[in-house]
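Let's take a walk through this model, one spot at a time. Keep the 3D view open and click along as you read.

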Amino acid sequence: MSVIKPHRFYSKEEIENRANDLLMRMQETPNFPPKWPLDASRVADFLDLAIVWDIIPTDEEAPIAARIFPLEHLIEINEDILKLSEGYAASTIAHEIGHWVLHINQDEADSFVEQMALGLVRGTEATVQPFLCRSASDRIYKSNANNQIDWREWQAQYFASCLLMPRYILENKRKGRDLTNWRHLYAMAEDLGVTISNLKNRLQDLGWIHIPKDSRQIYLGSAAPSRNK
């Protein structure tokens with residue numbers, strides 16, 4: 001079995017349930033109850049994942065946003081992301097956590113480390129390539145997934161959106177606000193510590209709002225919560 005799980009289909013419901021389950025486990029653990037805006041690095045701490053920021057050179061294919069070293073329980077983020085908004089950094093960390101939860105065989109990684117410690121795995125056998133991530137942004141929402149890598153990136157980004165913006169928190173944050181008003185949406189995004197694009201995509205995905213292509217006009221979606229709640 002590989003440290004990287006084989007590609008598989010995850011429904012939106014399953015991904016959201018995985019994110020909610022993680023938040024629930026944090027809620028039930030002393031010193032880890034989540035607060036909003038959610039500090040994604042605290043989620044990494046909860047999962048015993050270290051995060052480092054460093055320069056990650058572009059390889060022959062494309063820029064690398066981040067990479068995961070499964071055996072070391074380490075997520076390395078390209079520090080170029082620090083030049084972008086704080087919300088983008090939170091989304092990137094949450095995105096990598098999505099890869100860790102959905103795409104890394106954690107038991108296999110830990111077993112591999114134990115075998116190395118016992119001298120059962122040596123030399124080139126002990127080499128596990130890092131898991132590369134090239135699209136740690138909401139850009140994946142704007143294009144079609146054409147291959148397994150695209151689908152993995154979409155799954156990780158959907159997980160990140162569910163983690164940073166669970167429905168019950170959105171229900172709370174939208175109270176007293178008009179979802180068809182950009183100024184109100186920007187205020188919600190600030191409260192949640194996410195980018196306006198992340199919030200817009202999440203609300204559209206939930207069916208709470210609808211924004212026609214190439215338009216700035218926002219319409220309430222059919223699933224939008226009642227304003228008087």
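What follows goes from a buried phenylalanine to a glutamate, then to a cavity and the cysteines.

A quick word on the ground rules. This is a predicted model, where local features need pLDDT of at least 70, side-chain atom pairs count only at pLDDT 80 or more, and totals for chains, interfaces and linings use all residues. Residues are numbered from 1 along each chain as its sequence is written, and side-chain values use heavy atoms, with hydrogens and water left out.

Start at Phe159, which sits in helix α5, residues 148–164 (helices are DSSP runs of H or I with at least four residues, numbered from the N terminus). Phe159 counts as buried because its relative accessibility is 0% (buried means under 20% relative accessible area, with a 1.4 Å probe and protein chains only). What does Phe159 touch, leaving aside its neighbours within four places in sequence? Its contacts (heavy atoms within 4.5 Å) are Ile15, Arg18, Ala19, Leu22, Ala94, Ile97, Gly98, Val101 and Leu102. Take Val101: it is 58 residues away from Phe159 along the chain, yet their C-alpha atoms are separated by 9.1 Å.

Now hop over to Glu16 in helix α1, residues 12–27. Glu16 is a charged residue that counts as buried, because its relative accessibility is 8%. Who keeps Glu16 company? Beyond its neighbours within four places in sequence, Glu16 is in contact with Tyr158, Cys162, Arg167 and Arg202. The Glu16 side chain makes polar contacts (N or O atoms within 3.5 Å, one able to donate a hydrogen and the other to accept it) with the side chain of Arg167 at 2.8 Å and with that of Arg202 at 3.1 Å.

Next, the empty space. There are two cavities of 30 Å³ or more (on a 1 Å grid, a cavity is a set of points where a 1.4 Å probe fits but cannot get out, and lining residues have an atom within 4 Å of a point). The second largest cavity holds about 30 Å³, and its lining is Lys5, Pro6, His7, Arg8, Tyr10, Leu102, His103, Arg152 and Gln155. Helices α3 (86–103) and α5 each give two or more residues to that lining.

Last, the cysteines. Cys162, a contact of Glu16, is buried because its relative accessible area is 1%, and Cys133 is buried too, at 0%. The structure holds zero disulfides (pairs of cysteine sulfur atoms within 2.5 Å).

Methods. Buried means under 20% relative accessible area, exposed over 50%, partly exposed in between (1.4 Å probe, protein chains only). On a 1 Å grid over the protein atoms alone, a cavity is a set of points where a 1.4 Å probe fits but cannot get out, and a pocket is an open set with protein on both sides within 12 Å along at least five of seven lines; lining residues have an atom within 4 Å of a point. Grid points are joined across faces, edges and corners, and a volume is the space filled by probe spheres set on the points.
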